[in-house]
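The following explanation leads the reader through selected parts of a predicted model. Please consult the sequence and the structure alongside the text.

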Amino acid sequence: MIRLGSAATIGLMALSRIAQLVAVILLIATFNFVLVRAAPGDPAQVMAGQSGASDPKLLEDLRKEYGLDKPYAVQLASYLGRVVRLDLGYSYRQRRAVVDLILERLPATLLLTVTAFCLALLIGTTLGALAGLAAGSVLDTVFTVLSLVLYATPVFWLGLMLVLVFSVTLGWLPPFGYETINVKLSPLEHALDIAKHMIMPVTSLAAIYLAIYARLMRSSIIEVAQQDFIKTARAKGLSGPSIVVGHMLRNALVPVVTVAGMQAGALVGGAVVIETVFAWPGLGRLTFDALLQRDYPLLLGIFLILSIVVIVLNLLTDLIYRLIDPRMTTGAA
Amino acid sequence: MSEAVQAKAPVLSVEGLSIALPEGGDRPFAVENVSFEVKPNEVVCLVGESGSGKSMIAHAVLSLLPKSVNIAAGAVTVAGQDPAKLDRQALRRLRGGEAAMIFQEPLSSLNPLKRVGRQIEEMILTHQKPMPSAIEVHERVQQLLTQVGLPNPKLLEKSYPFELSGGQRQRVMIAMAMANRPALLVADEPTTALDVTTQRQILRLIDDLRRDRGMGVLLITHDFGVVADVADRVVVLRHGKVVEQGTVEEVLRSPKADYTRELIDAVPKARLDEIRRTAVHPTPLLEVIGLEKTFRVKRGLLQPPREVVAADGISLTLYEGETLAVVGESGSGKSTLGRMIMRLTEPDGGAIRFNGQDLRQLRGEALRQARKQLQIVFQDPFASLDPRQKVGDAIARGPMAFGTSRTEAMEQARKLLVRVGLNAVAADRYPHEFSGGQRQRICIARALALKPRVLIADEAVSALDVSVQAQVLALLAELRQEMKLAMIFITHDLRIAAEIADRVIVLQKGRIVEEGATADVFTAAQAAYTRELLDAIPGRDFFDQPGFASVTGALSTARMSS
């Protein structure tokens, strides 16, 4: 029963997982490629249409220029070749490298999603734990109803209502954007300005996840409270708070971490809608535009980056899971 | 029971205790007007079947009753205090201080995410004022782990519960309970989840500790064997009421209440006079030849997978109409053997011949036809029935899969339900409406619906109360006669094996260490391991005493030599 230092075990596990990831990423890239081509229309059509002339010669020239005239298999092979070389290509429409476009927008999206995720997790689990500990009480009922309402509220609608109340009616918060433009601000003022712009998008994005984590944590706490080892803890003479902190929380967090890890990826998807509602200059907005324009390289680039983000998040979840639950490290559970 | 013990004030006294159940239950009180005492250095056993309220009483002692039930009348006094009347602070000092408790399932009773050393430390830190230094606490933990007979305490305190064996976990629980030298230990079925040899070690440990410390022990059990081994006094409970109480000699040798006598009689005795001998039919029905199976359990990346040998060249023959018991402790491979014969688990090597065919070579339809003749009943009657399927459907589904019409299959299912001692209307009800014993009858009816020639019973009565166990065993014996069934009876309980089997196979770590006619194995065991198992049967010494058989009328014939 001698276990290796858990750091070494975890490190090795991470290495083997990374090897698997490369294969997974290539598969995803292939899938993305096929999916994008499956949509009707192509960038040449969109461009030719926008220039007013449906001239077949122009269409053909554009297709040739972008390599769209070659067989799918050849296009796919050259795409995968570029992915392996970490080259995401060049946007037809924006006439810039895809990597640059994404890197420009990624920080804003990460700022939005990471903040929303952390808040949802922190507040959600706290409220859920409180409700679970007081199961059946008034507090529990209020929390449960509230989380159900939040859970059922469409993200974009919540966003619009927030704008209506806090920007239009009360005028407290800026209705859209990332920062106030055309003003000179000190770094601190600038940070506060961004924070002020973040309040509503973050709230809209976090609401539904907060509700999910609260509900999950509540049922998890109720379940753990019925476990035998909680009875043992009571029989040991521990006080209520030390039972909660010392025995319940960590056990109750295990299922929440699993779900949170899976949903962290979905959160990035949810950001597309929110970014559109609040004109947030992030990846979401970029995706939306690229999609309308059938900007293949940009779309594929965004999809790939998002896939990698999701995969990395899942890897992180696995690692955190192993830190929380020792049974996972040896696979004996 | 010396005079000195008699004179001391009791560490626990329960007087006229009644515990009310929430309204709408099957009875108003879980426990009604129960009185008894536990004195220092005394082991009192609270015996009863499930639903007798014995666990409720144990929980009331530490005021650990669920919120929905209340003490309606009477009082509990632990070391001079009534836990129900204490404020929170004082109650917490009592719990784990003057009175400690251990539970049935040591794995679930320990926090899975905390090292066991930390869990014991917590017990010390909560109670000892002024707070001892970290070094003192650590030393005390080491000392406690050594006292409960755990090897290598340094390594062990760093382990998580899942890394320990069942016996080690229960030792950790006991170490934790002992941390503050309690005057009273409440042990709620502490050995029920353990193997017979581990059970004996744990009972001895509890007995040694109470002698060392003069501690009073309240031991809850359903097993009269355990009572005979460790109790000074016995309280027999039925439906929440005390049926009788007295010293172990009084209650076991001359039970006053009929119910006590029934319970004692229902204990499988592993006695020669009860062992049956059937003329063995000469044709082998099932032959297992050199069966091998190794499970590889994945561990960390660097560590090689752990190999668990479940079958290491097992060969056996089952004759028509014969009952063969396969006994062994958990991990001996007895369940895997049953599953391999059913081909639910694929063996690594060897052959299984049934009716002249090699089962391992069969595929598709041929395998389906062969499987029909081999049926299995599992241990847990709650988990082995689909909760959303009506009982009748569960039974009829098998024959229907082999072409019987639904009407006919349902008709047959009703007949089978009557045959196993239930009502035909049971067919239209769901499994949750039945008790454990009734469900196991349903499982048996389900297995028999296909008219099998071999029935494998995998710990089929282990989860049942002793009196229900006796009924189900009797039913199986009848059915065996009636349907000329050959049976493989897998069990960890040697007493049951002795009662039902013609021949016995003893498994240890995937190998057959002993094989023979039941009478021979039980009187003249060849293997040391078999003797160890036999010695560990709880209550064996007591029930084998010359005086005993003559007292209980039902067991009056010649006794087996010990």
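**From annotated spans to a sheet and a helix pair**

In chain A, an unreviewed UniProt entry annotates residues 21-39, 110-136, 148-174, 194-212, 252-278 and 298-321 as "transmembrane region". Two of these spans may be examined in the predicted model. Residues 110-136 of chain A are 89% helix and 0% strand, with end C-alpha atoms 38 Å apart. For residues 148-174 of chain A, the helix content is 74% and the strand content 0%, and the end C-alpha atoms lie 28 Å apart.

Chain B contains an open sheet of 6 strands with mixed pairing, arranged in the order E5-E6-E7-E3-E8-E9. Strands E5 (99-102) and E9 (241-247) of chain B each have a single partner strand, so they stand at the edges and one side of each has no neighbour in the sheet. From one strand to the next, the twist averages 15°. At one edge, E5(B) pairs with E6(B) (residues 184-188) in the parallel sense over 4 bridges; B:Ile102 has B:Ala187 of E6(B) as its bridge partner. Helix H8 (residues 166-178) of chain B packs on the sheet and touches E5 and E6 of chain B, its direction making about 170° with that of E5(B).

Chain B also holds a helix pair: the axes of H15 (residues 391-401) and H17 (residues 436-448) come within 7 Å and cross at roughly 25°. Because angles under 35 degrees count as roughly parallel, H15(B) is described as roughly parallel to H17(B). Their crossing is right-handed. H15(B) contributes B:Val391, B:Ala394, B:Ile395 and B:Gly398 to the contact, and H17(B) contributes B:Ile442, B:Ala445 and B:Arg446. By class, this contact has 5 nonpolar, 1 polar and 1 charged residues.

Technical notes: Residues numbered from 1 in each chain as written. Chains lettered and ligands numbered in written order. Predicted model: local features only at pLDDT ≥ 70, side-chain atom pairs only at ≥ 80, totals over all residues. UniProt positions renumbered as here; feature names shortened; annotations may be inferred. Helix = DSSP H or I, 4+ residues; strand = E, 2+ residues; numbered from the N terminus. Axes fitted to C-alpha atoms, helices over the stretch in contact; angles between N-to-C directions. Parallel < 35°, antiparallel > 145°, perpendicular 65-115°, else oblique. Left-handed = near helix turned anticlockwise from the far one by under 90°. Contact = placed C-beta atoms within 7 Å. Nonpolar A, V, L, I, M, F, W, Y, C, P; charged D, E, K, R; others polar. Pairing = 2+ DSSP bridges.
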